[in-house]
Amino acid sequence: MQKEFNMPIPAPVQFVLDRLELAGYHAYCVGGCVRDSIMGIEPKDYDVTTSAKPREMQVVFSDCRVVETGLKHGTLTVVLEGMNIEVTTYRIDGTYDDGRHPDSVTFTDKLSDDLCRRDFTINAMAYSPERGLVDLYGGCLDIENRIIRCVGTATERFSEDGLRILRALRFASVLDFDLDEECSDAVGSMKHLLDKISRERIYVELTKLICGRGAARIMGGYPDVISYPLSIAEECVKRGAEIIRADKENGNRLKASARYAAFFESLTEDEGNRVFASLNPSREEARAVGRFLKYRGAEEFDEYSILKLMGKTVDSFPEELIDYELACGRMTCDEARKNRDLCRRLILENRPRRVADLAINGGDLMKLGLSGRAIGETLDRLLDEVIRGDVENEKEKLIKRVMSDE
Ligand code: ATP
Ligand code: MG
């Protein structure tokens with residue numbers, strides 16, 4: 001136990017700890033928030049682990065806003081000042097017959113039992129303002145040496161829950177750490193265990209992995225493991241790593257969707273879309289990745305092409321595509337800067353780029369005697385002419401234009 005570390009604790013979290021302690025239970029901050037605080041990073045959220053059993057927690061927080069989503073597994077979420085604080089009873093995970101989730105959880109009185117079920121030493125530390133830091137597995141030292149190490153034997157821990165293979169790489173990427181030798185060997189030799197893991201869980205970890213500071217290094221170092229759950233060639237991941245490395249030099253401009261597209265740079269549009277769909281992304285996310293696969297490589301970035309592309313996609317996309325093309329080496333930094341400036345200027349000038357931006361609509365065309373498909377086609381053509389600058393976006397002028405065509 002080390003006393004010297006003083007973890008800053010937000011007031012609502014302190015309130016939760018105090019409530020439990022005053023009621024006679026033990027309570028600690030645990031997991032990611034302790035790890036991040038030691039590293040000097042402000043935690044995204046706070047998890048609390050306690051000796052109080054689920055029913056006892058309910059009593060302790062009976063006058064607070066709580067969400068009981070995970071009560072079966074011992075978790076109660078306390079909502080305070082806009083913070084969601086997950087409070088979980090000390091617990092031992094049962095066996096993992098399916099390698100996915102524990103068949104049962106058992107509540108325990110010992111903090112040490114709760115810490116030893118956790119995945120990595122850096123995630124297995126607890127902190128209480130009264131009792132200080134509890135670091136039973138050398139998590140602090142591993143943070144200092146920037147190492148991801150399993151709590152216990154890596155192969156055993158991965159057999160219990162195959163997702164930990166990807167989590168090891170995710171933390172290595174996000175924190176810019178290395179895997180210790182045992183963990184590094186085990187992620188390679190046990191990657192087939194990812195077959196048993198739900199696509200949703202894989203997607204969450206993979207997304208964090210490719211967005212991490214060390215993404216290019218980890219993708220380049222473990223292409224066999226990362227390509228495995230996607231059923232793509234290792235070469236795809238290596239090419240993705242190159243693109244993401246180039247982007248890092250450009251200041252990490254690529255968002256998750258462009259980073260996924262980087263994986264699929266050596267695949268056809270259809271193949272890339274199919275592989276991404278296998279992760280069960282939302283429709284919005286699938287569309288965002290699909291855009292890169294559709295428009296990569298072929299686009300021009302003059303005024304007309306940019307406005308057309310904005311109209312067909314979303315205003316922010318041409319700039320994202322420019323960053324992608326730059327990372328792929330199909331554009332120079334100077335060209336990218338010039339093209340980005342142009343995109344921003346066109347948006348600032350609020351240049352028409354969608355049919356809805358035209359000063360004329362379907363109703364106006366009907367009054368002029370058009371019907372059916374001719375309406376949509378005419379609007380498309382007028383938009384094209386406005387974008388080209390052949391006609392001004394003014395109702396009178398557009399009407400005149402339509403009439404002169406008849
Ligand atoms: P982040 O900042 O990304 O949320 P985190 O450490 O909080 O990182 P979570 O996935 O939120 O990560 O999990 C919270 C804690 O629960 C972890 O720190 C770890 O102690 C434990 N944990 C989560 N998933 C697993 C798992 N699959 N196996 C073992 N322990 C796990
Ligand atoms: Mg977390």
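Here a visitor asks how the descriptions of this predicted model are justified, and a guide answers.

Visitor: Why is G40 called exposed?

Guide: Exposed is the word for a relative accessible area over 50%. G40 has 66%, so the residue earns the label. As for its place in the chain, G40 sits in the loop between α2 (32-38) and β2. Its C-alpha atom is 9.6 Å from that of M7, and the two residues are 33 apart along the chain.

Visitor: What makes helix α17 largely enclosed by the rest of the structure?

Guide: A residue counts as buried when its relative accessible area is under 20%. Eleven of the eleven residues of α17 (residues 317-327) are buried, so the helix is described as largely enclosed. Among them are F317, E319, D323, Y324 and A327.

Visitor: Which helices do the buried residues of α17 pack against?

Guide: They pack against α12 (234-249), α13 (256-263), α15 (283-295), α16 (303-312) and α18 (333-348). Look just past the end of α17 too, where G329 takes a positive phi of about 85 degrees.

Visitor: How do you know that strands β4 and β5 pair?

Guide: Pairing requires at least two bridges between the strands. β4 (residues 75-80) and β5 (residues 83-89) share six bridges, in the antiparallel sense; with the cut-off at two, they therefore count as a pair. Within this pairing, V79 is opposite N84 of β5.

Visitor: What makes β3 and β9 the edge strands?

Guide: The open sheet has seven strands in the order β3-β4-β5-β2-β1-β8-β9, with mixed pairing. β3 (65-67) and β9 (132-134) each pair on one side only. From one strand to the next, the twist averages 30 degrees. Helix α1 (residues 11-22) lies across β1, β2, β4 and β5, and runs at about 30 degrees to β5.

Visitor: Why do the contacts of D161 and R164 with ligand 1 count as polar?

Guide: The cut-off for a pair of N or O atoms is 3.5 Å. A polar side-chain atom of D161 is 2.8 Å from a nitrogen atom of ligand 1, and for R164 the corresponding distance to a nitrogen atom is 2.7 Å. Both pairs therefore fall within the limit. G32 contributes a polar backbone atom, 3.4 Å from an oxygen atom of the ligand.

Visitor: How much of ligand 1 does the protein bury?

Guide: Taken alone, ligand 1 exposes 590 Å², and the protein buries 80% of that. Around the ligand are 15 residues, the closest being R35, D161, R164, R167 and R170.

Definitions and conventions
Residues numbered from 1 in each chain as written. Chains lettered and ligands numbered in written order. Predicted model: local features only at pLDDT ≥ 70, side-chain atom pairs only at ≥ 80, totals over all residues. Heavy atoms only, no water. Helix = DSSP H or I, 4+ residues; strand = E, 2+ residues; numbered from the N terminus. Axes fitted to C-alpha atoms, helices over the stretch in contact; angles between N-to-C directions. Contact = heavy atoms within 4.5 Å. Near = heavy atom within 4 Å. Polar contact = N/O pair within 3.5 Å; in protein donor to acceptor, adjacent residues only side chain to side chain. Areas by Shrake-Rupley, 256 points an atom, 1.4 Å probe, with all protein chains shown as cover. Buried < 20%, exposed > 50% of the residue type's maximum accessible area, 1.4 Å probe, protein only.
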